[in-house]
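Please walk me through this structure, beginning with a small detail and working outward from there.

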Amino acid sequence: MTTTSLPRLERSGNATLLMVDDEPFVIRGGELGNSSAERAYLEPYWPRLQAMGLNAVVAPVYWDVVEPAEGSFDWTTVDELLEDARAHGMRLVLLWFGSWKNSMSCYAPGWVKADVARFPRVRGSRGQALEILTPFSDANRDADARAFAALMAHLRAADGEHTVVMVQVENEIGMIPEARDHTPEAEAAFAAQVPVELLKHLAVHRATLGADLLARWTAAGERTEGTWTEVFGDSAATEEIFQAWAFAQYVDVVTAAGKAELDLPMFTNAALIRAGAQPGQYPSAGPLPHLADIWRAGAPALDFIAPDIYFPNFAHWADAYVESGNPLFVPEALRSVDAAANALYAYGKHGALGFSPFGIESVGGHEAAMLTACYDVVGQLTPLIAAHAGDGSMTGFLPPADDMRTPHRVRLDDVVLEATYERVPAPALADGVINESGQAAGTTQLPAAAIVIRTGPDELVVGGIGVTLTFHAVEPGGDVVGILACEEGRYAADGEWQRLRWLNGDQTHQGRHVRLEPGRFTVQRVKLYRYR
């Protein structure tokens, strides 16, 4: 049995670190497809995951598989996953597919699904039953909590090596196609008073409440008591707030039951909102940015909430999740060449706990090449990322989804960095080959992104692809900021810098910029100087 502490989260400045075996651990992850976690299917894919540079696999545990009969547990799939991850040098982030997966209750065991009287479903506004377990049922909640607690108790006994470093509770909770439940119990709760603990949270945290929630509360008069419509107004948005509270309270009980057995970091994730969609038109009431305060108040046992980001405006959603102090972990991201760029932004801008493209066992071609190269850079820079996360000395650059031409300016302490981006076509895979993005070979544009870490006064480490950086004084008319030295290289496993080539000539435009070449990931060390 290991003597090190359990995996845990530690605050570091404005960021949060995942500590594993008492050392910072930055997750270079990949999430398996929903049906890919069993040994018989997954076994041949482990070498591919190793070759891509993963240090963790995000993998589901299915309630219906581990508890096929009430109170009777079969841990075979879990134990095989633990054994195989250890054999390939990987950690695990487990996903509990319990009451809800992508809104629906498709992973609830057959004995739950078949006993509708005991385990009731959500009802729509016309009384129709939906394939969603209602959160207004103690029987639903307690059955889930017992099973989840059993899983965590099993991990306590079977995983002394801390193979599992975090656990997600449920998966993409949400109401669809309506904003809230209409069971008799839900109707009674909606007509009742808003819970005191939520109103207290609003009052205590008023200065940091999300803008949307604060606006709805203040528009209704900042009431300190009343029904849901009296406190938040009569709208679909209020119905979503109400439903989010119900989901959060349910998840809090499940999470607390698991933590009582094994206190690992735990979170839940959200499917995001398409532009223009209204409550009920997307998986509503999940742990979304505009509902973060509801989830924080309703599920204090959770350590954080996480986004599954499939939309092209990656930076928008990543930024939204950290605005209130929530750490960033991306358990699901779009599988594409851009995943590599999005990962660099997440680690650099937000000191992310980790990043994980979905369907990782299916990644190949240019997507695999780019992610492998990105994870190589992140692996080299992990000690620096951990050392500088949250202290204001690190940032990430990602081209806006709708504007590649306008220079991107970021201040890093006493220097302003200006970035421009260059994407180039990927080399053809083979004549007529279609790559993983569904594009013909040769039409894929390779990504552009960078991570910049200020390691000392006028000293930077820069990693990435397709980005050109220039450096400027903070105040107009100040010193000219020049490049004293620039070298390309890599950090060895022992942390020592190994220079590959000196770049002070054409590669820096005779000292006027730092250029991360398009088409390949590199790491450079840069020294600046100032003159008039």
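**From a strand pair to a pocket**

Val20 has Glu23, in S3, as its bridge partner. Strand S2 (residues 15-20) and S3 pair in the antiparallel sense over 2 bridges, where strands are DSSP runs (E, at least two residues) numbered from the N terminus, as are helices (H or I, at least four), and two strands pair if DSSP finds at least two bridges between them. The open sheet here has 3 strands in the order S1-S2-S3, with antiparallel pairing. Strand S1 (8-12) and strand S3 (23-24) stand at the edges with a single partner strand each, so one side of each is left without a neighbour in the sheet.

This is a predicted model, in which local features need pLDDT of at least 70 and side-chain atom pairs count only at pLDDT 80 or more, while totals for chains, interfaces and linings use all residues. Residues are numbered from 1 along each chain as its sequence is written, and side-chain values use heavy atoms, with hydrogens and water left out.

Turning to the side chains, the charged end of Arg180 sits over the ring of Phe190, 4.1 Å from its centre; the criterion is NZ of Lys or CZ of Arg within 6 Å of the ring centre and within 35 degrees of the ring normal.

Finally, there is the largest pocket (on a 1 Å grid over the protein atoms alone, an open set of points where a 1.4 Å probe fits, with protein on both sides within 12 Å along at least five of seven lines; lining residues have an atom within 4 Å of a point). This pocket is lined by 35 residues, and Pro312, Asp338, Asn342, Ala401 and Arg423 lie nearest its centre. H14 gives the most to this lining, with 6 residues.
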